[in-house]
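Visitor: I am new to this structure and should like to learn how its descriptive terms are justified. May I see it before we begin?
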Amino acid sequence: MVLLLCVVWLGGCARFGITAQSKLESSADIKGLTQGDISYQKGVQILRSRLTHSSVQVELAQKDIAHNVIVLYISAQLAREPASSSAQVFSPAHIRAFVDDVALEILDYERLRKSDYDFIDILQDFNIPTPTPSVNTQMAHYNISPFYYVASPGFLYFPLMASPFMIESPSSIAYAQEKRGALKVLLINALRESSLSSTKAQGGFVVIRAKGIKDSGTMIVEVRIANEAHRFAFRLEKLR
């Protein structure tokens, strides 16, 4: 029974490290790779790709796949304004991820909203604090303010509103509330349908399910913008 669960629930028994793979390491093995060298901003790994009509930036903060998900912050921009009147839309539908030609699922906004994943550590890896409870003798108030993530080269977080959550037994559900608050922060910053232009990049968090990763290897993330394919490589290592 334990062995069966290991097969069905990848992350429950096998844990993987993840890191951006440099172009020099990847070029001999991966065709069509468009990324440049890796850069860093406060511990976040950054990959950029610039083609004729568009540019894409991918950011990775987590060091391992601890909660069965991989979270990337992906942003895109056009090189020039489109000639036609129809806008170029960027959304998770323009992103694919696969390992050894096996496609990994990318969660859309509705699936993400209904999910029960733990994003606390991942957000903290992106230097985003997660909401925590403040407790007094009468009750616990959760002042969960939305934190906005601004892609490299800078980070900016500011509260727009305070949403108090009233609870009776903070010791029993503090973790659940922090987990819920982390999901709320991620949803605020999740990639949704956005019109691209040449004057401003659009982007957001993209969540990839790790189910399907069975061994060490390379994950390819492909972003299609303006009929161009931007490809990025990430090294997966099974941890002992």
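Guide: The following exchange concerns burial, strand pairing and salt bridges.

Guide: This is a predicted model, in which local features need pLDDT of at least 70, side-chain atom pairs count only at pLDDT 80 or more, and totals for chains, interfaces and linings use all residues. Residues are numbered from 1 along each chain as its sequence is written, and side-chain values use heavy atoms, with hydrogens and water left out.

Visitor: Why is Glu222 called buried or exposed?
Guide: Buried means under 20% relative accessible area, exposed over 50%, and partly exposed in between (1.4 Å probe, protein chains only). Glu222 has a relative accessible area of 5%, and is therefore buried.

Visitor: What makes Arg96 partly exposed?
Guide: Its relative accessible area is 46%, so Arg96 counts as partly exposed.

Visitor: What makes the contact of Glu222 with Arg96 a salt bridge?
Guide: The term requires a side-chain nitrogen of Lys or Arg within 4 Å of a carboxyl oxygen of Asp or Glu. The closest N and O atoms of Glu222 and Arg96 are 3.2 Å apart, which meets that limit. This pair links distant parts of the chain, 126 residues apart.

Visitor: Which residues share a network with Glu222?
Guide: Arg224 also meets Glu222 in a salt bridge, at 3.2 Å from N to O. Through shared partners, salt bridges join Arg96, Glu222, Arg224 and Arg231 into one network.

Visitor: Why are β4 and β6 said to pair?
Guide: Strands (E, at least two residues) are DSSP runs, numbered from the N terminus. Two strands pair if DSSP finds at least two bridges between them; β4 and β6 have seven, in the antiparallel sense, and therefore pair.

Conventions:
Helices (H or I, at least four residues) and strands (E, at least two) are DSSP runs, numbered from the N terminus.
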